[in-house]
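Me: I would like a close look at one part of this protein, with its surroundings. Please go through it step by step and give the cut-offs of each term as it comes up.

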Amino acid sequence: MSLYGSGTAFASVPEAAKAQNQDAVMELLGQGHSVDAQDLDGNTGLHWAVWFRLDSLVLRLLERNAHPNIDNASGESAVHWAAKASNISALEALTRGSRGLLSLRDCDGFTPFIITAQNDNAPVMEWMYLKGISAEEQDDWGRTALQWACYKGHRRTVQWLLSRSASIAHRDHEGMTAIHWAALKGHEQVAEMLMEVGAVHLLHVPDAAGETPIALATRKRNRYLVICLHKCQLLQALIGRPYVSRNHFANLFVCFIAFNVLVFAFILAPGIADAHPRAILLWSVLMGTSLLLWVQNCSADPGWIQPRTIRAQGRIIGDDPARAFDAEQPIESQMAHYDGLLAQDWEDEEGLPGGGLVRMEFEQAKYNYQRQLIRAARERLGEGSTGSNRVSGAELQPLIGGLADDGSVPVAREAQLERAALALLERERATAESIGRARVEQLLAQGCGEYLTLLERGDFRQVCVVCRTRRRMRSHHCKECGRCVDRLDHHCPWIDNCVGLGNQRSFYCFIVALLLTIATFYHVVVLYAFDAVFPELARGSLHELSKAVSSGSFGPELQPLLVASSATLNLVWLAFVGALVARHTAYMATNVTTYEVLVRPPHMQRRFPKTRGRLWFLQDLGILACIGHCASYWTLDTERDAADFLVGSGPQESFVACNQEGPRGAAPGGPSAAAGWPPAPAGGTAGIQLLGGPPPGWSARGTVLEG
């Protein structure tokens, strides 16, 4: 049928919804077309409405009893598509009557939560988590969201999952843990994040094929990762932690300081001690001050906005993680491990008396294993009901109970499995509702009501889902530390810590003291050259020096060479630290930070609309303003921020960051579709025309895990 003018040119509801023509959809429904009609790929009008964020159309379709649990050819429902589009309003509308719809599975067992992890969309995962979704949901291969995020190298999602205590000890059907997948794919930074929470205790644990994470990294010829994993094992054995510092730069700084101290103590100081004792004393005082400030900055609070949310998982892993997994009975053995965890005392582990929320989450995690048992029993029943394929009531006993092994015919046993699956589903829904309420109550008790309101609205740009706080205008989440920092300047690898409002003064003193120390070192070198080196050269000891070099003997003749090499190396540090001091002095005078200059968030764009030249942040800088900014820097006064950055902004825009953690808007089409797919519109109107749609039969399983 093809009518124009007062009619419609679409043959079905999904076709009109795909074209984002809401009037045509309603006209077709008025003509008697089915609200649940499907196109050739099995997509309904509700699929396309949630994908294109046609929120008013979603509500109209639901009012006409559209079913959100209808699967397309890939087994995906409208709930799956709403999660991919980061459409929180649609997710709320689709699942308001039953939060169990958030656990719908496609043909590979992927839930919206798992697919969102594959798409690196932590904010939507947090929204689902607060509705009671388990962080331990598993697909048909037993893989969790954490394992998928580690496989794909999604650092932000991995960090969020670790902040929600997603188990790093869980094994999939191949016996692989999260660290196995990170090692296999060579994601070094993800592996380091896992090491910090206890994955070092899993490095010796083999998978079902007998390969450890180190063996997998070796097979992939990732030598750097292999060295890092061995180093973590060694340090864990020596000092009880897998690292001394989170990066190598802090260790390099220690080596630089040690080399300079040795050269000064054994060569420079003895050579000029009699003639210039004050120079020796001055350098010693400056070096001591620099070291004290360095240690203080390494352990200082840079201005953490919230307490740390990522905790070690030593208790979850257990003393012997290899014994918690049996390759012959992978599901049953892990269920037994959770029974052991439930027997422990989790008093006030999550801020609730008796650790009630922790226990409920452990029970919820057991349901995921019980679902795997039912699925395995169905597969065996489909293969045959005799011999080794016979379904055992004892095997299903940990599920619901009451499934007798009475030799029933396959039809009766299938009915038993169906009843067990329905009973398990009801338990999952009831537990998820209780957990969701407990999680919300816990956040309200912690004063996070504003965070919950913004999250419920889907306003992800204003919140940090890892720290569970509203973003302040000049705060930022540090991916290295895993926490939000007030007025973050940068993460300094040399102190292995962030620089923010809490330690900006001590950091500035540190780099100034370090610059003076290096400059004084050159003063001492000059004194040493005139007092010890040049007189020796004048007495003809140049021949002895060249002879010592040629013979390779390290005697007094080579001392000038060590001093020269140290002075040459310090030139690099002198230039670097000098530039650092100059840059931070300029930033202090203009009331900006390193992060703001590099990223230029919205409040910086308002203050500096023109950014021509390398020193664009110095435009219109006056003497009085400079003095005021420096005074605010040293007194930690933030009242000038409003005058500097909020010129012409509205009250709702005041202290909100607007450029991080936004909805992904990724197209449901995997890597091939996302390359040319425009992001979903921010609003819920049909005025923005997006061409095309997801490719037929698309699903999130576009990437197959490689061995």
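Reply: Over residues 41-73, the chain is 48% helix and 0% strand, and the C-alpha atoms at the two ends are 5 Å apart. Here helices (H or I, at least four residues) and strands (E, at least two) are DSSP runs, numbered from the N terminus. This is a predicted model, in which local features need pLDDT of at least 70 and side-chain atom pairs count only at pLDDT 80 or more, while totals for chains, interfaces and linings use all residues. Residues are numbered from 1 along each chain as its sequence is written, and side-chain values use heavy atoms, with hydrogens and water left out.

The unreviewed UniProt entry places the feature "repeat: ANK" at residues 41-73, 141-173 and 174-199. UniProt positions are given in the numbering used here, feature names are shortened, and annotations may be inferred rather than shown by experiment. Residues 141-173 are 52% helix and 0% strand, with end C-alpha atoms 6 Å apart.

Next comes helix α6, residues 88-95, which is mostly covered: seven of its eight residues are buried. Buried means under 20% relative accessible area, exposed over 50%, and partly exposed in between (1.4 Å probe, protein chains only). The buried residues of α6 are I88, A90, L91, E92, A93, L94 and T95. They pack against α3 (45-51), α4 (55-63), α5 (78-84), α8 (122-129) and α21. A contact means heavy atoms within 4.5 Å.

Helix α21 also meets helix α20. Two packed helices are described by the angle between their axes and the distance between the axes. The axes of α20 (residues 410-445) and α21 (residues 449-456) come within 7 Å and cross at roughly 135°. This makes α20 oblique to α21. Axes are lines fitted to C-alpha atoms, for helices over the stretch in contact, and angles run from 0 to 180 degrees between N-to-C directions. Angles under 35 degrees count as roughly parallel, over 145 as roughly antiparallel, 65 to 115 as roughly perpendicular and the rest as oblique. On the α20 side, V440, L443 and L444 meet G449, Y451 and L452 of α21. By class, this contact has five nonpolar, one polar and no charged residues. Ala, Val, Leu, Ile, Met, Phe, Trp, Tyr, Cys and Pro count as nonpolar, Asp, Glu, Lys and Arg as charged, and the others, Gly among them, as polar.

For the whole protein, there are 29 helices and six strands, and buried residues make up 52% of the 707 residues.
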